[in-house]
Amino acid sequence: MRTDPASANLSDRLVASVGQAASARTTPGLYRALLRLLSHGEPVTITELAAAAGQAFDVVQRAVAGWNDTEYDEQGRIIGWALTLRPTQHRFNIDGRQLYTWCALDTLFFPAVIGRPARVESPCAATGVPIRLTVDPTAGVSALDPSAAVVSIVTPEQMSSVRTAFCNPGRFFATPDAARAWQCKYPGMEVLSVVDAHRASRPLSEMLLNGSAPPLQHGLE
């Protein structure tokens with residue numbers, strides 16, 4: 001099993017995979033605004049999102065309607081898209097606010113997009129051993145325990161649901177050996193050290209910070 005990046009173009013494949021149609025990440029400026037609003041730990045209305053993104057309400061409403069997998073509360077407010085208020089395996093704590101993410105990789109690059117350090121805790125998908133780390137927007141990964149922990153990553157070429165095809169397979173494991181059976185379930189899966197996974201995820205944060213991905217609709221770059 002390889003725990004270093006298995007190919008030089010992994011980062012490129014990550015960007016292409018998560019940037020498919022119906023993904024919030026195809027509208028990076030709007031999605032960046034949503035992540036920062038959700039990081040406050042409260043549901044987000046379309047009005048609030050439009051104001052934060054500096055976009056017209058109807059344009060934002062149409063864009064969000066085109067995102068698959070968006071989580072809403074009973075009042076129709078957004079409560080999650082990769083960063084979520086609903087509990088998952090991946091606990092993501094910012095400034096004492098308990099949030100969650102859909103996959104292990106999200107925990108590694110969201111701090112750079114949000115601009116705040118995060119404390120992360122997630123169980124090993126094979127053994128249940130808790131994996132803990134801190135991710136700083138600038139300094140990266142620190143306080144990793146256990147130090148041998150790894151992250152599983154898939155890069156589907158086509159998917160109708162980012163959460164199902166990309167996020168759900170993306171888990172933490174306490175050791176490379178613990179990830180072996182999981183890796184066999186997903187052809188093409190790569191298993192990286194946490195530090196290497198963080199490095200590979202940097203273009204994802206840069207895409208959201210720079211608005212470098214092509215928007216779904218004019219005016220949302």
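In the description that follows, Ala, Val, Leu, Ile, Met, Phe, Trp, Tyr, Cys and Pro are counted as nonpolar, Asp, Glu, Lys and Arg as charged, and the others, Gly among them, as polar. The structure is a predicted model. It holds 2 cavities of 30 Å³ or more, and the largest has a volume of about 40 Å³. The lining of this largest cavity is formed by C103, L105, S152, I153, V154, F166 and G170. By the classes given above, these lining residues comprise 5 nonpolar and 2 polar residues, with no charged residue.

Strand β7, which spans residues 130-136, pairs on the one hand with β6 and on the other with β8. Its side chains alternate between two faces. I131, L133 and V135 point to one face and are buried, whereas P130, R132, T134 and D136 point to the other face and are not buried.

The pairing of β7 with strand β6 (residues 118-123) is antiparallel and extends over 6 bridges. Within this pairing, V120 has L133 of β7 as its bridge partner; L133 is also one of the buried residues of β7. The two strands form a hairpin with 6 residues between them, in which G128 adopts a positive phi near 80°.

Strand β8 (residues 140-145) likewise runs antiparallel to β7, to which it is joined by 4 bridges. Here D136, whose side chain points to the face of β7 that is not buried, stands opposite G140 of β8. The hairpin of β7 and β8 has 3 residues between the strands.

Definitions and conventions:
Residues numbered from 1 in each chain as written. Predicted model: local features only at pLDDT ≥ 70, side-chain atom pairs only at ≥ 80, totals over all residues. Heavy atoms only, no water. Buried < 20%, exposed > 50% of the residue type's maximum accessible area, 1.4 Å probe, protein only. Pairing = 2+ DSSP bridges. 1 Å grid on protein atoms, 1.4 Å probe; cavity = no way out; pocket = protein on both sides within 12 Å on 5 of 7 lines; lining within 4 Å. Points joined across faces, edges and corners; volume = space filled by probe spheres on them.
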